[in-house]
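Trainee: Could you walk me through this model before I go back to the bench?
Mentor: Sure, pull it up and ask away.

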Amino acid sequence: MLSDYYVLEPGFSDLKRLSKEREKARKLKKSSWWLAKKNQGICHYCQRKFAPAKLTMDHIVPLARGGASTRGNIVPSCLECNRDKKLHTPVDRIIELGKNKG
């Protein structure tokens, strides 16, 4: 299993940067783009269907790991998938799958 502990780059955990990215995410939450994504009702990770109110905004690459609040990095996620993902990135998942194969 992937470690729950990360060594975060100081630049990624800078409070000023995080605040700016969170503000961008709040603005995106109000956009027609986000509302359309959320209204589809499909979790990006498990592909199950949910009521739009049950989906949350998730950063594929978490802000604390250098991600940004951009359309290409934000997806709708069910609460379970968002909780289980924690600070993992897609690369973390690929590495973990490779370890389990070998």
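**Rings, a helix and some cysteines**

Mentor: For starters, the count comes to 1 aromatic pair, where a pair means Phe, Tyr or Trp rings (for Trp the six-membered one) with centres within 6.5 Å. Keep in mind that this is a predicted model, where local features need pLDDT of at least 70, side-chain atom pairs count only at pLDDT 80 or more, and totals for chains, interfaces and linings use all residues. Residues are numbered from 1 along each chain as its sequence is written, and side-chain values use heavy atoms, without hydrogens or water.

Trainee: Which type is the pair formed by Trp33 and Trp34?
Mentor: Planes under 30 degrees apart count as stacked, over 60 as edge-to-face and the rest as tilted. The ring centres of Trp33 and Trp34 are 6.1 Å apart, with 50° between the planes, so by that rule the pair is tilted.

Trainee: Are Trp33 and Trp34 buried or exposed?
Mentor: Buried means under 20% relative accessible area, exposed over 50%, and partly exposed in between, with a 1.4 Å probe and protein chains only. On that scale Trp33 and Trp34 are both buried.

Trainee: How far apart are the end C-alpha atoms of helix H1?
Mentor: Helices (H or I, at least four residues) and strands (E, at least two) are DSSP runs numbered from the N terminus. The expected span is 1.5 Å times one less than the number of residues. H1 has 15 residues (15–29), so it should span 21 Å, and the distance between its end C-alpha atoms agrees: 21 Å.

Trainee: Within what arc do the buried residues of H1 fall?
Mentor: The buried ones are Arg17, Leu18, Glu21, Ala25 and Leu28. Taking directions from the helix axis to the C-beta atoms, these residues line one face because they fall within an arc of 95°.

Trainee: Which exposed residues does the face of H1 turned away from its buried side carry?
Mentor: The buried side is covered by elements including helix H2 (32–39), strand E1 (55–59) and E2, judged by contact, meaning heavy atoms within 4.5 Å. The face turned away carries Leu15, Lys16, Lys20 and Lys27.

Trainee: Why is Cys46 not bonded to Cys43?
Mentor: A disulfide is a pair of cysteine sulfur atoms within 2.5 Å, and the count comes to 0 disulfides. The Cys46 sulfur has its closest cysteine sulfur in Cys43, too far for a bond at 3.7 Å.

Trainee: And how far is the nearest cysteine sulfur from that of Cys81?
Mentor: Cys81 is buried, at 16% relative accessible area. Cys81 is in no disulfide either, and its nearest cysteine sulfur, that of Cys78, lies at 3.5 Å.
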